[in-house]
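Reader: Hello! Could you walk me through how the terms in this description are justified?

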Amino acid sequence: MGISRDSLHKRRKTGGKRAPIRKKRKFELGRPAANTKIGAKRIHSVRTRGGNQKFRAMRLDTGNFSWGSEGQTRKTRILDVVYNASNNELVRTKTLVKSCIVLIDAAPFRQWYESYYGIPLIKKRKNKAAEVEEEKPKTKNELRRFKQRKEQAKIDPHVEEQLHTGRVYAAISSRPGQSGRCDGYLLEGRELEFYQRKLRSKKGK
């Protein structure tokens with residue numbers, strides 16, 4: 001039969017059937033879903049109407065994620081799919097779609113935060129070589145810069161907690177099956193609290 005996006009097979013508002021006035025047309029076609037999974041990057045190109053192209057991501061394991069409150073974007077690994085408002089089956093099968101909530105590697109964001117503000121988020125066990133490096137005197141300019149930045153170094157406590165664990169929640173804002181990319185943004189503030197409540201209630205069931 002093929003996948004069709006026409007509305008000729010639909011009933012009228014009143015419930016009456018419509019008489020088919022023509023057969024299916026090429027401009028009404030639909031295609032199978034990409035069902036993008038987490039794995040080594042694999043992208044298929046699809047020729048579309050007008051000779052244009054879509055990039056169908058079969059598997060992806062990285063994406064560009066932005067930290068909105070800090071105005072920073074970093075390429076990082078996608079670790080897991082944890083929530084999808086539309087379908088729990090997409091969480092079970094770890095399918096990447098727009099607006100799903102994923103766990104991503106926090107390391108690039110933590111490294112940037114520590115280097116920019118000069119505030120360590122994780123207390124590491126120090127070896128002698130690291131201690132010698134830390135003892136190197138910083139220039140006056142560096143010290144002044146860090147002092148100014150520390151005044152603005154307040155981040156969401158929930159985000160900070162996640163940065164300690166090495167994993168942060170993010171939402172996907174691109175369409176992996178259309179653009180071949182899996183980009184998004186870190187969850188913060190009330191949006192993060194909302195999804196944390198959802199995930200807690202899900203675990204409680």
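**Pocket and helices**

Author: Happily, and please keep in mind that this is a predicted model. The largest share of the lining of the largest pocket, three residues, comes from α6.

Reader: What makes a residue part of the lining of the largest pocket?

Author: A lining residue has an atom within 4 Å of a grid point of the pocket. The lining of the largest pocket consists of 23 residues, and Gly30, Arg31, Lys54, Arg56 and Gln178 lie nearest its centre. At least two lining residues each come from β3 (53-60) and α6 (176-179). The volume of this pocket is about 590 Å³.

Reader: How do you know which classes the lining has?

Author: Asp, Glu, Lys and Arg count as charged, and Gly is among the polar ones. By these classes the lining of the largest pocket has nine charged, eight nonpolar and six polar residues.

Reader: Why are some residues of helix α2 called buried?

Author: Buried means under 20% relative accessible area, and in α2 (residues 107-117) Pro108, Phe109, Arg110, Trp112, Tyr113, Glu114 and Tyr117 are buried. After α2 comes Gly118, with a positive phi near 70°.

Reader: How do you know how α5 and α7 pack?

Author: Two packed helices are described by the angle between their axes and the distance between the axes. For α5 (residues 157-165) and α7 (residues 189-204) the angle is about 60°, and the axes are 9 Å apart. His158, Val159 and Gln162 of α5 make the contact with Leu192, Glu193 and Gln196 of α7. By class, this contact has three polar, two nonpolar and one charged residues.

Methods. Residues numbered from 1 in each chain as written. Predicted model: local features only at pLDDT ≥ 70, side-chain atom pairs only at ≥ 80, totals over all residues. Heavy atoms only, no water. 1 Å grid on protein atoms, 1.4 Å probe; cavity = no way out; pocket = protein on both sides within 12 Å on 5 of 7 lines; lining within 4 Å. Points joined across faces, edges and corners; volume = space filled by probe spheres on them. Helix = DSSP H or I, 4+ residues; strand = E, 2+ residues; numbered from the N terminus. Buried < 20%, exposed > 50% of the residue type's maximum accessible area, 1.4 Å probe, protein only. Axes fitted to C-alpha atoms, helices over the stretch in contact; angles between N-to-C directions. Contact = heavy atoms within 4.5 Å.
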